[in-house]
There are 2 protein chains.
Amino acid sequence: MLEQVNLKKAITKEEYQSEADRLKTELTMLQQEMKQIGLPVIILFEGWGAAGKGSAISKMILNLDPRGFKVYSTIDATQEEQRKPIMHRYWSKIPAHGNISIFDRSWYQDISIAQLEKHISKEELNRRTESIKTFERQLSDDGYLIIKFFLHISKKEQKKRFDKLKEEKSTAWRVTSLDKERNKNYDKYYEVFDNMLINTNTSDAPWHPIGAEDTRGAMFNIYTILVNNIKNAIAKRRAQKQVPQVEIPTISVPQTIHLIEVPKLSEINLNKTITDEDYKKLLGKAQEKLHKLHNKLYQKKIPVIICYEGWDAAGKGGNIKRVAAALDPRGYEVNPIAAPDKTELAHHYLWRFWNQLPKAGHIAIFDRTWYGRVMVERIEGFCSNEEWHRAYTEINEFEKELYDWGAIIVKFWIHIDKEEQLKRFEDRQNTPEKRWKITDEDWRNREKWDDYEVAINDMLQYTSTDFAPWTIIESKDKKFARIKAIKTLINQIEIRLGK
Amino acid sequence: MLEQVNLKKAITKEEYQSEADRLKTELTMLQQEMKQIGLPVIILFEGWGAAGKGSAISKMILNLDPRGFKVYSTIDATQEEQRKPIMHRYWSKIPAHGNISIFDRSWYQDISIAQLEKHISKEELNRRTESIKTFERQLSDDGYLIIKFFLHISKKEQKKRFDKLKEEKSTAWRVTSLDKERNKNYDKYYEVFDNMLINTNTSDAPWHPIGAEDTRGAMFNIYTILVNNIKNAIAKRRAQKQVPQVEIPTISVPQTIHLIEVPKLSEINLNKTITDEDYKKLLGKAQEKLHKLHNKLYQKKIPVIICYEGWDAAGKGGNIKRVAAALDPRGYEVNPIAAPDKTELAHHYLWRFWNQLPKAGHIAIFDRTWYGRVMVERIEGFCSNEEWHRAYTEINEFEKELYDWGAIIVKFWIHIDKEEQLKRFEDRQNTPEKRWKITDEDWRNREKWDDYEVAINDMLQYTSTDFAPWTIIESKDKKFARIKAIKTLINQIEIRLGK
């Protein structure tokens with residue numbers, strides 16, 4: 001793509017002043033509209049060293065209300081960030097509705113510069129490129145506007161700029177030996193950048209290469225693109241609000257995802273039990289084993305993600321407690337998932353889960369999970385029809401990302417029947433120290449049992465994958481359920497450790 | 001303190017089982033009460049390596065609802081954390097009202113182990129100890145309950161435990177050469193720990209040394225202390241809610257804080273102006289100078305904190321814009337401060353500011369600040385009489401902490417008079433593209449001008465210190481104000497850089 005960029009395209013000072021002023025005012029006004037309508041915008045700047053990314057951002061943000069944007073400079077991942085999946089640090093920085101995140105360099109460093117300087121394999125490169133495309137598509141599907149600039153200058157111009165920076169005392173230190181090395185190998189970088197632009201120039205998030213040798217010309221282009229794109233996105237959003245979707249969506253899962261068959265809930269035999277004696281013996285043994293495995297996982301820096309979903313009063317809490325009791329508190333966390341708060345609602349629904357991932361070597365237990373999207377949100381209409389249909393793919397992609405990072409993903413559906421639930425609800429109601437565990441909402445949910453059963457069967461069918469399979473835990477006998485959960489967990493860890 | 005600890009205090013298995021069960025159930029119930037009443041609790045565990053901190057926490061949390069607590073392991077500060085003030089990483093982890101933060105090792109590492117292993121100076125040690133005491137007092141004053149355990153074992157016992165860990169394959173790697181070194185130098189560490197306990201055994205947050213050679217005895221003590229302390233704190237809180245404070249508090253600032261005299265608002269001459277020609281010339285020059293200084297600050301890793309307070313419509317936004325225009329966007333951030341959200345309200349009021357500090361070498365511009373406590377919160381009654389009186393000291397301490405870390409703190413009061421404000425309000429009302437800038441609240445605040453003037457004069461009088469002085473910026477002529485602000489900033493930076 002770069003060969004088509006007009007590097008020199010200049011604009012006279014007079015033309016610039018009158019036109020740019022108009023565009024800047026428009027940008028200021030558009031930000032207010034964006035806020036009102038809740039449009040989230042991501043603007044990223046990639047390009048050659050000394051191409052003027054910093055000063056372009058500097059100029060641009062002077063037209064923006066600081067309460068509505070944040071600038072992020074992407075440098076090498078910190079130690080802390082290196083212990084999370086590669087896309088974690090970008091997911092954590094997506095803007096809330098109505099806000100702007102501006103990136104000075106971005107996730108594109110991981111598939112450009114990294115190729116030459118971190119020597120990543122071809123396979124890893126492809127994987128990262130797919131991760132990025134998935135990231136941008138998921139955001140775009142959720143209504144995020146993504147504007148990507150690449151600031152282009154020639155080898156000669158870059159050298160000239162570095163030389164000029166070096167001349168001045170206060171800026172000389174900014175030119176490093178790495179910069180000089182990069183200028184010398186300009187052609188190699190050119191090829192890498194050009195391939196990156198071609199491979200990630202999607203309809204969800206197209207690239208805007210900018211000839212940056214003439215600063216005024218570059219700024220004029222940037223302002224024009226910003227104003228047009230934001231204006232269009234606002235118009236599109238308004239139109240969507242007026243004319244709701246009529247097409248009936250269907251659930252579909254990409255062919256690259258291999259689904260594993262899981263029985264329907266109605267087929268589950270809930271009469272499995274265990275004697276108290278066996279329970280005590282087996283629990284102690286299993287916990288001891290799990291404790292040892294936790295040590296090994298920690299040493300090998302393998303992260304584990306345990307997902308608990310299940311009927312109200314099915315025994316999730318007690319089950320989690322027995323798993324947790326075997327673990328070193330320095331190496332695990334229980335993440336209870338309640339209804340999203342205001343900040344969480346103003347982001348992509350997966351955002352809060354990206355922010356709660358364990359570090360490599362740690363275990364995260366989720367007490368309820370991202371599957372809320374295809375259960376409570378589907379049934380209560382907290383998301384649109386189209387959104388929950390799309391979610392199966394998004395969730396599979398999310399879990400695939402975690403798997404590729406190296407995580408072991410264990411998902412439990414803690415199962416009881418309707419009758420058993422009633423018994424337990426009544427017991428909670430009648431026992432003073434248990435009463436806090438039961439709320440009106442539990443009773444309301446119970447009335448929708450049949451709707452939930454349909455949704456859960458869909459969930460089990462479309463999100464049980466070879467890399468993140470569901471296990472149904474029969475929990476009419478809670479003790480049986482606890483042993484089965486720990487044993488399943490042990491088994492999946494041992495498989496990964498190659499035992 | 002350690003010599004008084006009974007290391008062996010044993011309890012029979014039978015005694016333990018019946019008593020501990022009762023205490024555990026009580027703890028579970030108390031957590032629910034804590035939640036209802038909004039009591040925040042900090043529990044920290046310090047002690048010898050292999051004294052059983054991890055397993056004590058493990059056992060304790062099994063009795064707690066995971067939705068209400070979080071465990072933090074304190075290890076060496078990450079690169080990221082090292083660029084923030086030392087107390088930052090602890091402030092960021094304080095619990096919300098009704099929640100529990102549990103620390104496996106804590107801020108006490110910085111004044112114990114660090115003495116022997118990081119070779120900090122006596123002076124630094126004293127400074128850190130004071131910081132910790134201030135931290136705990138501020139939290140305690142705000143209603144936080146702090147429970148501090150020190151798990152004590154003898155040199156011999158520690159060696160025995162290390163040897164046992166080494167014997168088992170899955171735990172052998174946990175015993176490092178550093179552990180062995182520490183055991184060998186047990187006596188040195190003993191002295192350091194003992195001094196730490198004595199020096200920080202305050203009434204706000206007393207220490208509970210626990211003899212930990214007998215595990216059951218230790219757990220029994222821990223449960224007892226937890227239950228008693230939480231119960232008392234709940235009772236105290238209920239009592240306070242019933243009988244409001246009658247004492248009339250006064251503003252007082254510790255003698256160690258040196259105040260600098262600032263004129264009263266009524267004494268300010270607002271007729272200072274500048275010609276357009278001078279403005280253009282001086283602005284360009286000043287911005288260029290500031291830009292160069294920003295580079296130097298970055299190189300020397302000096303953080304800068306710029307605080308903007310001022311009357312509505314005084315011109316804060318435009319003033320900030322002119323400062324920002326001179327800065328590299330990769331090295332500064334504007335933090336607009338609005339009314340606290342739900343999460344922020346559930347923490348100490350300084351918490352959100354601790355979380356928005358710049359990294360060393362960066363500049364943070366606060367568009368409104370922590371001074372909201374002694375202005376809007378005081379006037380609107382969002383905090384108690386006692387709370388805003390106490391705030392002057394808390395804020396001075398907070399800024400002192402930032403200064404000691406190495407920060408340059410520049411505080412502007414952007415000033416206009418009542419008449420000028422009316423003119424600007426009306427102008428905003430009558431200009432379509434400015435209308436979003438004026439709200440009903442602005443008009444309501446205007447009615448309370450006189451109350452604000454009293455509060456502002458108090459603020460200027462009691463928080464203008466030698467390490468963080470206030471500068472009043474006459475802003476009837478906005479251009480004059482911008483030049484004065486940038487020049488003040490340049491001046492304060494140059495003083496620090498030793499020019």
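1. Buried area is the accessible area that two parts lose on being put together, summed over both. With that in hand, here is the interface: chain A and chain B bury about 3900 Å² between them, and carbon and sulfur atoms account for 58% of that area. Keep in mind as you read that this is a predicted model.

2. How are the two chains arranged? A rotation of 180° with 0.0 Å of shift along its axis puts chain A on chain B, and the RMSD of that superposition is 0.0 Å. That is what a two-fold axis does. If you want to find the axis in the viewer, go to A:Gln79: of the residues of chain A, this one comes closest to the axis, with its C-alpha at 3.7 Å.

3. Now the contact itself. On chain A, 40 residues are in contact with 40 residues of chain B. Of the interface residues of chain A, 100% are also interface residues in chain B, so the copies meet through the same surface.

4. What holds charges and polar groups together across the interface? There are 8 salt bridges between chain A and chain B. One of them pairs B:Lys292 with A:Glu168, where the closest N and O atoms are 3.9 Å apart. Residue pairs in polar contact between the two chains number 13, counting pairs with both residues at pLDDT 80 or more.

5. Which parts of chain A should you colour to see its side of the interface? The elements giving two or more residues to the side that touches chain B include several helices: H1 (13-37), H2 (53-61), H3 (79-82), H8 (169-172) and H12 (276-300). Two strands are on that list as well, E2 (69-73) and E7 (332-336). By residue type, this side of chain A divides into 15 nonpolar, 11 polar and 14 charged residues.

6. Over all chains, the structure holds 83 salt bridges. A good one to start with inside chain A joins the side chains of A:Arg182 and A:Glu117, at 2.8 Å from N to O. This pair links distant parts of the chain: A:Arg182 sits in helix H9 (residues 177-184) and A:Glu117 in helix H5 (residues 113-117), 65 residues apart. Buried or exposed? A:Arg182 is buried, at 18% relative accessible area, while A:Glu117 counts as partly exposed at 27%.

7. Chain B offers another link of this kind. The side chains of B:Asp458 and B:Arg378 meet in a salt bridge, 2.9 Å from N to O. B:Asp458 lies in helix H20 (residues 449-463) and B:Arg378 in helix H16 (residues 376-380), so the bridge ties together parts of chain B that are 80 residues apart in sequence. Both B:Asp458 and B:Arg378 are buried.

8. For a local pair, look at A:Arg127 and A:Glu124, whose side chains form a salt bridge at 3.3 Å from N to O. Both lie in helix H6 (residues 122-141) of chain A, 3 residues apart, which is about one turn of the helix. A:Arg127 is partly exposed, with a relative accessible area of 28%, and A:Glu124 is partly exposed too, at 21%.

9. Don't stop at that pair, though. Through salt bridges that share partners, A:Glu124 and A:Arg127 belong to one network with A:Arg128, A:Lys400 and A:Asp404.

Notes
Residues are numbered from 1 along each chain as its sequence is written. Chains are lettered from A and ligands numbered from 1 in the order in which they are written. This is a predicted model: local features need pLDDT of at least 70, side-chain atom pairs count only at pLDDT 80 or more; totals for chains, interfaces and linings use all residues. Side-chain values use heavy atoms; hydrogens and water are left out. Copies are superposed by least squares on the C-alpha atoms of residues with pLDDT of at least 70 in both. Contact means heavy atoms within 4.5 Å. A salt bridge is a side-chain nitrogen of Lys or Arg within 4 Å of a carboxyl oxygen of Asp or Glu. Helices (H or I, at least four residues) and strands (E, at least two) are DSSP runs, numbered from the N terminus. Buried means under 20% relative accessible area, exposed over 50%, partly exposed in between (1.4 Å probe, protein chains only). Buried area is the accessible area (1.4 Å probe) that two parts lose on being put together, summed over both. A polar contact is a pair of N or O atoms within 3.5 Å; within protein, one must be able to donate a hydrogen and the other to accept it, and residues adjacent in sequence count only if both atoms are side-chain atoms. Ala, Val, Leu, Ile, Met, Phe, Trp, Tyr, Cys and Pro count as nonpolar, Asp, Glu, Lys and Arg as charged, and the others, Gly among them, as polar.
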